[in-house]
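Reader: I should be grateful for a close look at the strands of this protein. Please describe how they are arranged into sheets and what packs against them.

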Amino acid sequence: MAPKIFLTGATGYIGGEALYSLVKAHPEFEYTVLVRNEERGKPVAAAYPNVRIVYGTLDDAEVIEKEAAAADIVVHTADSADNVPSAKAIAKGLAAGHTAEKPGYWIHLCGTGILTWYDAKHKRFGQAPLPEERYHDIDDIERILSLPDEAIHRDVDKIVIAANESPAVKTLIVGPPTIYGQGRGPVNQRSIQVPGLIEFTLKNGFAPIQAPGLTEWDNVHIRDLGEFFVLAVEAALDPSKNSNPEIFGPKAYFFLENGVHKWSDVAKWVAEEATKQGLLPEPVTKEIDIPQFGANSKSVAARAKKYLGWTPKNPSLKDEIPAAVTYEAKRLGKV
């Protein structure tokens with residue numbers, strides 16, 4: 001029998017890319033996706049006629065529990081980092097529908113926003129990262145698993161990790177940093193952070209920098225993230241990997257990164273490219289209070305490379321800026 005995959009977030013940026021990558025790599029699998037309503041489901045059905053669609057919101061616990069119980073693998077990307085009811089429903093459904101001999105696997109999308117907790121707490125916006133703000137996903141796993149409850153996403157992380165208390169459930173958490181590049185999903189193909197900075201720039205005539213402009217994040221291309229989902233699903237089906245506690249279990253926490261950026265540098269790249277494309281008269285940046293670009297997030301992605309052979313190979317963030325500026329300009333009707 002073909003493996004059964006239940007995926008949430010098919011209309012989203014990350015979930016859409018995950019579905020694209022999975023279907024391309026494994027068209028023989030049986031896919032079920034959760035979509036809010038029939039209208040939202042139309043483009044999914046048009047792109048993937050063989051994918052089964054179930055309708056419901058993230059609060060429809062009964063629907064989610066039923067599908068999680070029936071699936072071999074759950075790939076949860078729809079508001080997955082912060083939605084408590086859906087996480088509880090997946091945990092309950094997987095435990096009910098599986099056994100210790102045949103566990104259900106849960107691939108859960110979080111994000112490295114969880115690592116911004118210290119700067120957010122101490123209002124260190126715009127400052128350079130401290131050495132202790134760097135988290136290595138193998139060497140620092142105990143620190144990652146004991147982040148303070150005030151950290152964003154932490155409440156849901158705890159639900160996912162606790163799901164492993166059932167011998168019928170095995171989990172993998174993946175936390176990407178800044179994601180860039182155009183997605184290939186059927187609906188939303190646009191990220192949040194870099195497009196948001198570009199949109200601000202095109203609307204205000206300058207690129208914003210949170211003073212003093214020393215904040216750092218890591219980044220990963222959306223297609224390299226899509227490839228990770230394929231590797232994770234394949235690992236769940238591979239007896240040599242799915243029993244490895246470094247890949248599935250409470251300690252299976254994966255960061256993904258293939259580059260580092262200062263947000264002040266991204267602002268400069270955007271201003272320069274927008275000027276080059278005739279969207280700004282000159283490449284102006286300004287220091288303003290914009291804390292969403294002011295807290296550090298520093299992750300080291302060793303686990304995916306070591307245990308899954310993940311090898312990022314897509315263009316860098318800087319290389320993608322011209323296409324990203326063009327995309328936003330068209331979306332905003334500037335060209």
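Author: A suitable place to begin is a single pair of residues in this predicted model: V35 has Y55, in β3, as its bridge partner. That pair belongs to the junction of β2, which spans residues 30–35, with β3; the two strands run parallel and are joined by 4 bridges.

The junction is part of an open sheet of 7 strands with parallel pairing. Read across the sheet, the order is β3-β2-β1-β4-β5-β7-β11. The edges are occupied by β3 (52–55) and β11 (253–255); each has a single partner strand, and therefore one side of each is left without a neighbour in the sheet. From one strand to the next, the twist averages 20°.

Helix α9, formed by residues 222–236, packs on this sheet. The strands that α9 touches are β1 (4–8), β4 (73–76), β5 (104–109), β7 (169–175) and β11. The direction of α9 makes about 160° with that of β5.

There is also an open sheet of 3 strands, in the order β8-β10-β12, where the pairing is mixed. Its edge strands, β8 (178–180) and β12 (260–262), each pair on one side only. In this sheet the twist averages 45° from one strand to the next. Strand β10, covering residues 216–221, pairs with β12 in the antiparallel sense, and 3 bridges connect the two. Within that pairing, W217 has H261 of β12 as its bridge partner.

Definitions and conventions. Residues numbered from 1 in each chain as written. Predicted model: local features only at pLDDT ≥ 70, side-chain atom pairs only at ≥ 80, totals over all residues. Heavy atoms only, no water. Pairing = 2+ DSSP bridges. Axes fitted to C-alpha atoms, helices over the stretch in contact; angles between N-to-C directions. Contact = heavy atoms within 4.5 Å.
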